[in-house]
Structures are given as C-alpha cells and as structure tokens.
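Colleague: I've got a fold open on my screen and I'd like to learn how to read it. Could you walk me through it?

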Amino acid sequence: MISDATTIDTIIAAMKPTCGDINIFPLFGAKRTAERVLISGRVGTRGGATLHAGLSMNNDAVLRNGLTIADTLSKLGQK
C-alpha cells in the first residue's frame, strides 16, 4: 500500500498481528523528509520490518508502471 508518511505507525501496528516481513520504502518529494511510504507485508509470517533507503517520487521507477517494492528495488540493483 502507499500511505502518507505520518500514518506509518498506525499502519504497522494494524499489520503486525497478522503480517511479518514488513518492508517500508520511503518516497521523498521536494523536502528531504519522506512524504509518502510504500508498505508491504506477508500474511502469516513473523519476520521483522525492513526500512529501505527510499528515493524521490519523481524517479521513473516510481512514476511508471505501478511497480511493487520488490520490482523497484530490483530495478535499482538493491535486491
């Protein structure tokens, strides 16, 4: 899901009872703080959370084709 960065604590708290392997991918706008975050998790697992480095919302990998976190990381050579 994509969400406003200010709601990340509420979202993760709601996901934690049923999801694990949570990935958090910040998206930066003109400011140097995250404005949005992509969050994914796997139902029925207990793995921890991973906070990725993130990137600009204006990056083509983010703007085009509705890429998932895994797709975006692989295109950036991070996974």
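Modeller: Let's go through the strands, the cores and one loop residue, keeping in mind that this is a predicted model.

Colleague: Okay, strands to begin with. How many bridges join β2 to β3, and in which sense do they run?

Modeller: Strands count as paired once DSSP finds at least two bridges between them. Here β2 and β3 run antiparallel, with eight bridges joining them. The link between the two is a hairpin of five residues. To find your way along the pair, look at F28, whose bridge partner in β3 is A34, and at L27, which stands opposite R36.

Colleague: Which other strand pairs with β3?

Modeller: That's β1, residues 2–4, which is antiparallel to β3 over three bridges. R36 turns up again there, this time opposite D4.

Colleague: And on β2, in which sense does β4 pair, parallel or antiparallel?

Modeller: Parallel: β4 (residues 49–51) pairs with β2 over three bridges. Follow I24 across and you land on its bridge partner L51 in β4. Strand β5, residues 55–56, is also parallel to β2, with two bridges. There F28 has S56 as its bridge partner.

Colleague: How many residues of β2 are buried?

Modeller: Eight of its ten, so the strand is mostly covered, taking buried as under 20% relative accessible area.

Colleague: Now the cores. What's the general idea?

Modeller: In soluble globular proteins, nonpolar side chains tend to end up buried together. In this model, the largest nonpolar core has eight residues: A5, I11, M15, C19, I22, I24, V37 and I39. Helix α1 (8–15), β2 (19–28) and β3 (34–43) each put in at least two residues. The top contributor is β2, with three.

Colleague: Which residues does the second core include?

Modeller: F25, L27, L38 and L55 are among its five residues, and this core is separate from the other one.

Colleague: Last one: T18. Where is it found?

Modeller: In the loop between α1 and β2. For a residue like that, check accessibility and then contacts.

Colleague: So why does T18 count as partly exposed?

Modeller: Because its relative accessibility is 47%, and the partly exposed band runs between the 20% and 50% cut-offs.

Colleague: Which residues does T18 touch, leaving out those up to four places away in sequence?

Modeller: R42, V43 and G44. A C-alpha check fits in here too: T18 and T45 are 27 residues apart in sequence, yet 7.5 Å apart in space.

Methods: Residues numbered from 1 in each chain as written. Predicted model: local features only at pLDDT ≥ 70, side-chain atom pairs only at ≥ 80, totals over all residues. Heavy atoms only, no water. Core = buried A, V, L, I, M, F, W, Y, C linked by side-chain atoms within 4.5 Å. Buried < 20%, exposed > 50% of the residue type's maximum accessible area, 1.4 Å probe, protein only. Helix = DSSP H or I, 4+ residues; strand = E, 2+ residues; numbered from the N terminus. Contact = heavy atoms within 4.5 Å.
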